[in-house]
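I opened this notebook to keep track of what I looked up, entry by entry. The entries follow the order in which I turned to each topic.

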Amino acid sequence: MIQVQLSMRTLQKGVKRLHINMKPKRIMRPDDANIAGNVHGGTILKMIEEAGAIISTRHCNSQSGEHCVAALARVERTDFLSPMCIGEVAHVSAEITYTSKHSVEVQVNVLSENILTGAKRVTNRATLWYVPLSLKNVDKVLEVPPIQYAWKELEEDGKKRYEEQKLERLVTKQRNGDIIFPVFNPEPYTVGYSQSSLIHLVGPSDCTLHGFVHGGVTMKLMDEVAGIVAARHCKTNIVTASVDAINFHEKIKKGCVITISGRMTFTSNKSMEIEVFVDADPFVDEPKERYRAVSAFFTYVSLSKEGKPVPVPQLVIETEDEKRRFEDGKGRYLQTKAKRQVQMQPLTQQ
Amino acid sequence: MIQVQLSMRTLQKGVKRLHINMKPKRIMRPDDANIAGNVHGGTILKMIEEAGAIISTRHCNSQSGEHCVAALARVERTDFLSPMCIGEVAHVSAEITYTSKHSVEVQVNVLSENILTGAKRVTNRATLWYVPLSLKNVDKVLEVPPIQYAWKELEEDGKKRYEEQKLERLVTKQRNGDIIFPVFNPEPYTVGYSQSSLIHLVGPSDCTLHGFVHGGVTMKLMDEVAGIVAARHCKTNIVTASVDAINFHEKIKKGCVITISGRMTFTSNKSMEIEVFVDADPFVDEPKERYRAVSAFFTYVSLSKEGKPVPVPQLVIETEDEKRRFEDGKGRYLQTKAKRQVQMQPLTQQ
Amino acid sequence: MIQVQLSMRTLQKGVKRLHINMKPKRIMRPDDANIAGNVHGGTILKMIEEAGAIISTRHCNSQSGEHCVAALARVERTDFLSPMCIGEVAHVSAEITYTSKHSVEVQVNVLSENILTGAKRVTNRATLWYVPLSLKNVDKVLEVPPIQYAWKELEEDGKKRYEEQKLERLVTKQRNGDIIFPVFNPEPYTVGYSQSSLIHLVGPSDCTLHGFVHGGVTMKLMDEVAGIVAARHCKTNIVTASVDAINFHEKIKKGCVITISGRMTFTSNKSMEIEVFVDADPFVDEPKERYRAVSAFFTYVSLSKEGKPVPVPQLVIETEDEKRRFEDGKGRYLQTKAKRQVQMQPLTQQ
């Protein structure tokens, strides 16, 4: 509830700063959704990223000078507050909330509207970071025109967020590349039982004007794999509940083959955490080796036929590595739960 | 009924002129349709335009000389005679009916076939105008090879249609660019209550060999927005009934962001007229400002669960501008109604 | 060369039997092609199958009685005679050439037209077998209305083809389900080096009115995997040269996850043979186990930047199984080569 209010306030501020508020809309179609009619989290992430890319590319080109395209560098942790359905209209509004010398912070809000009843609800709020890359030389990061802040505090808060994410990006960059090994004849509910991977040949529509994969396309594929892992584990209708912060360290070029792999790391009573890796193989053009481009944690819940969350089968742990990853996942789970309770506090005390 | 007959006669004429008749076919899929299973008018407009682009590009390259691609300049008023459904096969046949020095008139007929029962019915008849643009220099309009007419009258009629549309295109070019402003907390059934807009980043598959957006892609997006406006207003299943003449004055380039906005202008007892604007923002490549690329009027009807047209809530008018637009819409509505009665006359007198 | 002539003769026969010839057309878009601009073989297979499904569904419903949808049972060996490019128009014509009591043979021809130069060339000829399944009870095969033959010989030839394919289908049904095992740190040019797999969640647009996957959708995904295997092996631009006969023994239902895996089995001097498996996992709805739905052999050639076939790296064989599969592939390769020389004979002797 509080999230709705926050969101509306942000929107009102946005109105003051004309030209940086945008509202793409789209009706959700059958192919956007699973059999139960719930829109895939990946479809929503892709819309969010497209809105972010448009607003930050526009902003970064607003001063005369070298032309550029804004490339996604990071998405902050994103919660899916309520499922969206086929036939509903998704409203995506984006606003630039902070600019550093070389990066742009964009806040994106997604509302779902049932056009028959007129009912609207917030389904997502996401924060994304973009970096402007020169159209002439894709390895050159350009400078970002500064934005005006309504209050000084807004700038200071933004700077704090900027520093925090910068630190986190450094940490994940150093995290070494784990690999998902295949398992033969896995027992039910083990990690090997549900792990999955897919390959995708990067085509023209996946790419920006630079010829690099849109961050949103990558996230959609990641959600697809994670969703299959979750569904294989619990064999029910599943929906994306949240995505942990994702860092895009390495660009992926048109013509690459990308491998997206997912494995379950943790289960709570009613949720499953899945780790997803994206590896790029620039096999045609270049002598470059296969490399890890992105990794992230997705959380899913299992829904009954009436759309209520139901308990999930517990993950069966077999190795020391799996145990370590389970404990890490539990840590993330408890931390998120604690944060949520803190956010609720003021509201319940009022 | 009379429309079907007219259409069949036209087809017969087409048969005489071999090599300029073509028939693309496609099965309608769930993503082509709304929840009630009716294929979106925009999907049909897109198929129509693809057929028109193929036949006129082929014709304009039929003489040796500079290669060109035919670009859509105008679509005449188009009626949707009966809804098409998922699983049906759409038959699209196109025929060149007139050529001026620099433009081609194409008539396109769409038949819907239920392959289970074998039943076929005409769903659309459209007239499109194309202009051949050089592949080497997109600003150069090439000459069109003349076609042969079976009777002299056909050529004379064509010339009359050519002159008429030329005049109309001039008029709309001078129409100044209206803008749709957002409205906060709009009252039910006002213009602000249902107005909508969407943003689309132009990708490679949206474009011709020149790198410009296909007219059909633009029309599909316009229908999507107009459909959302109509559904928000009457909160029932709606279908496209007709589209007024659309002029494509300005090309839209790959990489642009386009904003498509729609607002209701007029309601009759059982129909709604929606005005749609397309604005292009070439935000990366060029110093060019955002510009109005296309505008058009779409008419929708509301259907009951049994698929019968039902009355729609009347539009609540609040401003002088809205009143003027409502009167203009009423004018178009009465004119169309009168024309239809004239067309019916000969039949009722037989 | 001879194939072009044969094709044209077939088309002429088709013209005599009106009502069973159809021609869908479509412009090839960037998303249909690889980086070099060559349209994916899978895109062409999908168009072929859609044409076959339409014509045979229509034929099987042409007599009054229970409604049905024609389901793909088999595709005969298909050669890709010349690559199709972005911007060209694909013409697909289909004709029913034989009917048994419960199956329909459809011949599909694909022509590629450069609408700028007007040049047309045959790119494919394919033969497909369909079986009509009742819309009420998908396990019930209905009877096929017989067609009229222009000459008695046409019926006799058709019967021979029918008996042959029936036998072959039985043989492949008994072939037991091989599995592709993953390999760690494979050496360059070994089987493990290039083997690939992808998973796909079956969505509404992949399916027929019955809720089963279109054969064409499956073939497109198979070509996608096989193409990635080929490109990983030779790291150049590759194109589909042919597909061996494919039998569709088991239907795949909406909501399934399908795994498509490919491995290289044989290399000649300038071609690569890839075996592809499709496994379906009906994990949500049913208690059914994962099962092998389809398998097939695809042959690819490697092209230079000028579009000429170039030598491919030879496959490095490591195990007895790989050796056996290589010899089997060599057998298929030599058999095809011999057949082609027999077909050439009459022409050189004329």
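Entry 1, a buried arginine. Does R74(B) count as buried or exposed, and at what relative accessibility? Before answering I note that I am working from a predicted model. I looked up R74(B) and found a relative accessibility of 1%, which means that this arginine counts as buried, the cut-off being under 20%. I then looked for its charged partners and found that R74(B) forms a salt bridge with E76(B), where the closest N and O atoms are 2.9 Å apart. A salt bridge also joins the side chain of R74(B) to that of E168(B), at 3.2 Å from N to O. Because R74(B) lies in strand β2 (residues 68-75) of chain B and E168(B) in helix α3 (residues 152-174) of chain B, this pair ties together parts that are 94 residues apart in sequence. For E168(B) I noted a relative accessible area of 43%, so I entered this glutamate as partly exposed.

Entry 2, a pair between two strands. I next looked up D279(B) and R292(B), whose side chains meet in a salt bridge with an N to O distance of 2.8 Å. The pair links distant parts of the chain, since D279(B) is in strand β11 (residues 271-281) of chain B and R292(B) is in strand β12 (residues 291-303) of chain B, 13 residues apart. How do the two compare with the cut-offs for burial? I recorded D279(B) as buried, because its relative accessibility is 9%, and R292(B) as partly exposed, because its relative accessibility is 26%.

Entry 3, salt bridges over the model. I checked the count over all chains, and it comes to 54 salt bridges. In chain A I noted a network of salt bridges that links R77(A), D79(A), D244(A) and R340(A).

Entry 4, where chain C meets chain A. How many residues of chain C are in contact with chain A? I found 28 residues of chain C in contact with 27 residues of chain A. The two chains bury about 2,500 Å² between them, and 69% of this area is on carbon and sulfur atoms. I looked for charged pairs across the interface of chain C and chain A and found two salt bridges. R232(A) and D281(C) form a salt bridge, with their closest N and O atoms 3.6 Å apart. The interface also holds two residue pairs in polar contact, both at pLDDT 80 or more. On the side of chain C that touches chain A, I noted that β8 (196-201), α5 (215-234) and β11 (257-267) of chain C each supply at least two residues. The largest share of that side, five residues, comes from β8(C). By residue type, the side of chain C that touches chain A divides into 14 nonpolar, eight polar and six charged residues.

Entry 5, a serine in a strand. I looked up S302(B), whose place is in strand β12 of chain B, and entered it as buried because its relative accessible area is 1%. The side chain of S302(B) makes a polar contact with the side chain of T236(B) at 2.6 Å. Leaving out residues up to four places away in sequence, I listed the residues that S302(B) touches, among them C234(B), N237(B), I238(B), K270(B), M272(B) and V312(B).

Entry 6, how the copies are related. I checked which rotation superposes chain B on chain A, and found one of 120° with 0.2 Å of shift along its axis, at an RMSD of 0.1 Å. The two copies are therefore related as by a three-fold rotation axis. The copies use different surfaces, as 15% of the contact residues of chain B recur in chain A.

Entry 7, positive phi values. Most residues other than glycine have a negative phi, and I looked for exceptions. K235(A), which is not a glycine, has a positive phi of about 55°. K235(A) has its place in the loop between α5 (215-234) and β8 (237-243) of chain A, and it is partly exposed with a relative accessible area of 34%. Y189(C), also not a glycine, has a positive phi of about 70°. Y189(C) lies in the loop between α3 (152-174) and α4 (191-194) of chain C, and its relative accessible area of 32% makes it partly exposed.

Terms used:
Residues numbered from 1 in each chain as written. Chains lettered and ligands numbered in written order. Heavy atoms only, no water. Salt bridge = Lys/Arg side-chain N within 4 Å of Asp/Glu carboxyl O. Buried < 20%, exposed > 50% of the residue type's maximum accessible area, 1.4 Å probe, protein only. Helix = DSSP H or I, 4+ residues; strand = E, 2+ residues; numbered from the N terminus. Contact = heavy atoms within 4.5 Å. Buried area = accessible area lost by both parts, 1.4 Å probe. Polar contact = N/O pair within 3.5 Å; in protein donor to acceptor, adjacent residues only side chain to side chain. Nonpolar A, V, L, I, M, F, W, Y, C, P; charged D, E, K, R; others polar. Least-squares fit on C-alpha atoms with pLDDT ≥ 70 in both.
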